[in-house]
Amino acid sequence: MANLMTGAEMIFKVLEDQDVKHIFGYPGGAVLPIYDELKNHKKIKHILVRHEQGAGHAAEGYARSTGKAGVLLVTSGPGATNAVTALTDAYMDSVPLVCITGQVPTHLIGTDAFQECDTTGITRPCTKHNWLVKDVNKLSSILHKAFEVALTGRPGPVLVDIPKDIQFKKGKYTKPNKAKKNNIKLNISFNERDNSIEKVVELIKKSSKPVFYTGGGVINSGPEATELLRELVSITGFPITSTLQGLGAFPGDNNQFLGMLGMHGTYEANNAMHDCDLMINIGARFDDRITGKIDEFSPKSKKIHIDIDPSSINKNVNVDLAIVGDVKSVLKKLILSLKEKYPNFIDSNKQEISSWWNQIEVWRKKNSLGFSNSNELIKPQYAVQRLYELTKAQDAFITTEVGQHQMWAAQHYKFNKPNRWMTSGGLGTMGYGLPAAIGVQVAHPDKLVIDIAGEASVLMTMQEMSTAVQYKLPIKIFILNNQYMGMVRQWQELLHEKNYSESYTAALPDFVKLAEAYGCVGIRANKLEELDLKITEMLSVNRPVIFDCVVDKTENCYPMIPSGKAHNQMLLGEQDKKEDISEEGKILV
Amino acid sequence: MIKSAYSFSNKKEKIENHVIVVWVDNEAGALARVIGLFSGRGYNIDSLAVAEVDKKKNISRITIATSGTFQVLQQIKLQLGKLIPVHKVADFPKNKKTLLREMALLKVVSSKVKLEKARKLCKKHKHTILDKTEKSLVFEVSALKKEIDELVKKLQPLGLASTSRTGVVAMTKGFEIYKQK
């Protein structure tokens, strides 16, 4: 029979047909036939990482900054288990990944063969779906299906486990359009027949204290959704707040934007959420870092929830009106309907919401992101602010690790475009930012890519600097170095009587020397007055840089809703904290 | 004293019992996905029955008796619906419109007198005797869970030696069916 190809050839044919340009991976015994085939496919560039977790996060960064699926290729056993953290991270944050793993040959499965593990079993709960391919004739259709599952509906990671003998075997290739598209749940289109859009319009009209609460779903819905959101906010004149993952969908410097909400969100955003009479949730999932104490969450509001994932509706918070659908298509209809019913809505409604805006301005005056700057030490917030000021003209891409620095980055770095902000929200994976920055830089070779990092997090995947150097990826690792696992230390201060158990790193490496050892550039800023100069120096280098920004060790991240408290019970700073440490408060935090 | 990064709710909500039926592709791992969803998200499985029901379309029917609050039961259905091999999820209400059955095989090993008593007891309920020896009897019982529970209780003093039970299966009354997509 003509047109037979090996499993390994098929994999690349699928990647080419799916328009994949880059894959992140690490070779090993069970994927050698695939790596052998790599030389015949010049259109696909392989990025060799230093650890499979790095491949996963790099693919995440790639996916989140482009909207395309990120692809990783790893070997069986440890290769697969090392990728599990990244897969789980992508699952929590709805990032489309296609993970191809090698497996021991079919006849050895179940014999505890060398580098064997039950990959599909291990990754079942952390992927949207996974497949173990036992027939080479099904390989290509499964791979096409994998891309479809990863990218449609609520995006997420998928995994295809391919035994080594299948990679060698010859079989028939199935083209992508022939791969079955019979699964309705992959193509959720919202039901336009019911009158839910009209109901939303009426709720908007009736509201005197409205707020938009938007999330990563807007960004996942694509650039058009972002444009539509901006239009909707502009034609309603309503205030808008965003989750960590939604930052960038709406311009951070626009006056209608209240800043991020949630545990470390602004005072005005959280109070608006608590006191509003209409909450319009667009592509967010009422995560526990957002809601605070669920029993006291926004008690007086009607809640509308627009989400592509039906299981997000009423999961944590019961809503009054749910629309299951893609943000883009729902907003398009909503805007049309609103304009039709109430032309010139914003002017006719101005009076209606003016006292609400006055209240918001009162909250804003608290300046909850304020901090007392030092004239000797570099305050971490100040460092982020300076970084923002010195890079805002450049359309920079920002990734982060997890912890205090992540929250300061979210608070003080303003985003004006979607897909510019890559951070691990759901899983909270320390070590995410550096490899994610690599993925972003691979996708956008000419852009400025900065990982705002903490010294503890970044050490978890530091080995990937070697990858950055190998591929000449000029990523900037901006470490806010306070020698502590800052967020752990902060919680220990608040809850555990300052028993800083194991949260101090006593033997940190010299990051400048470390940078030099990797063959990249190391820069250190110790003093306040040299900060701007050093940042400028970092930006002028067209090579990977590790920037060791030595900051105040004891700074805490405020404002803060201690867990177990409601949105209107925020701590604004050290002063509040002292007043608030009642016995009852400690229990609830 | 609770010291936690999470909030705790004091609300107590009513627990409901439901029978949920899931039609899935009969493929490797499909059952594991369904079961894993329950264990992973902390849902209850009170009983489980699964078998292929359509050889042509390669479809298995999984019947799960579960319990939870209204919100949890909604989540169970929606989360099941997201699984790729799942075609359809149906919630069978435990009311007059639903037929529920469970099957059990019961072995009694005992003296002649007690075996006779056991036989009479089962006769009354029209249970089938599948096997008998001088020392033992094996009954087949098809009934509601509650009825089997009662029978088991009564058979215990009569020398019930081994019990094998299926999970509950369900069917709607009348001509209506849950259509498979």
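How many bridges join strand β17 (residues 449-454) of chain A to strand β18 (residues 476-481) of chain A, and do these strands run parallel or antiparallel? In this predicted model, five bridges join β17(A) to β18(A), and the two strands run parallel. One place to look for this pairing is A:I450, which stands opposite A:K476 in β18(A).

These two strands belong to a wider arrangement, an open sheet of six strands in chain A, whose order is β16-β15-β17-β18-β20-β19 and whose pairing is parallel. At the edges stand β16 (421-422) and β19 (521-525) of chain A, each with a single partner strand, so one side of each is left without a neighbour in the sheet. As background, the strands of a sheet pair through backbone hydrogen bonds, either in the parallel or in the antiparallel way.

Helices lie against this sheet as well. Helix α17 (residues 433-443) of chain A lies across β15 (397-400), β16, β17 and β18 of chain A, and it runs at about 175 degrees to β17(A). Helix α22 (residues 531-540) of chain A also packs on the sheet, where it touches β18, β19 and β20 (545-550) of chain A, and its direction makes about 165 degrees with that of β19(A). If you follow the chain into the loop between β20 and α23 (574-580) of chain A, you come to A:P559, and the peptide bond that leads from A:Y558 to A:P559 is cis, with omega near -5 degrees.

Chain A also contains helices that pack against one another, and two such pairs are worth following in turn. In one of them, helix α10 (residues 223-236) of chain A and helix α13 (residues 327-341) of chain A pack at an angle of about 30 degrees, with their axes 9 Å apart. An angle under 35 degrees counts as roughly parallel, and α10(A) and α13(A) are therefore roughly parallel to each other. The crossing in which α10(A) passes α13(A) is left-handed. On the side of α10(A) the contact is made by A:E224, A:A225, A:L228, A:L229, A:E231, A:L232 and A:I235, while α13(A) contributes A:V327, A:K328, A:L331, A:K332, A:L334, A:I335 and A:L338. Sorted by class, the residues in this contact of α10(A) with α13(A) are ten nonpolar and four charged, with no polar ones.

The loop between α13 and α14 of chain A holds A:N344, a residue other than glycine whose phi nevertheless has a positive value, near 60 degrees. Beyond this loop comes the other pair, in which the axes of helix α11 (residues 267-275) of chain A and helix α14 (residues 345-364) of chain A come within 8 Å and cross at roughly 140 degrees. The two helices α11(A) and α14(A) are therefore oblique to each other, and their crossing is right-handed. Here A:Y267, A:E268, A:N271 and A:A272 in α11(A) meet A:I360, A:W363 and A:R364 in α14(A), and the residues of this contact divide into four nonpolar, one polar and two charged.

Turning to chain B, you find four strands that form an open sheet in the order β2-β3-β1-β4, with antiparallel pairing. Its edge strands are β2 (47-54) and β4 (86-92) of chain B, each of which pairs on one side only. Neighbouring strands of this sheet are turned by 20 degrees against each other on average, when direction is ignored. Within the sheet, β2(B) and strand β3 (residues 59-68) of chain B pair in the antiparallel sense over seven bridges, and along β3(B) you can see B:A65 opposite B:S47 and B:I62 opposite B:V50. The hairpin of β2(B) and β3(B) has four residues between the strands, and in this hairpin B:N58 takes a positive phi near 60 degrees. Ten bridges join β1(B) to β3(B), which run antiparallel, and B:W23 stands opposite B:R61 in β3(B).

Finally, it helps to consider the confidence of the prediction. The mean pLDDT of chain A is 94, and 95% of its residues reach 70 or more. Over residues 182-187 of chain A, however, the pLDDT is below 50, and this stretch has ten contacts in the model beyond near neighbours in sequence.

Key. Residues numbered from 1 in each chain as written. Chains lettered and ligands numbered in written order. Predicted model: local features only at pLDDT ≥ 70, side-chain atom pairs only at ≥ 80, totals over all residues. Axes fitted to C-alpha atoms, helices over the stretch in contact; angles between N-to-C directions. Parallel < 35°, antiparallel > 145°, perpendicular 65-115°, else oblique. Left-handed = near helix turned anticlockwise from the far one by under 90°. Contact = placed C-beta atoms within 7 Å. Nonpolar A, V, L, I, M, F, W, Y, C, P; charged D, E, K, R; others polar. Pairing = 2+ DSSP bridges. pLDDT = per-residue confidence, 0-100.
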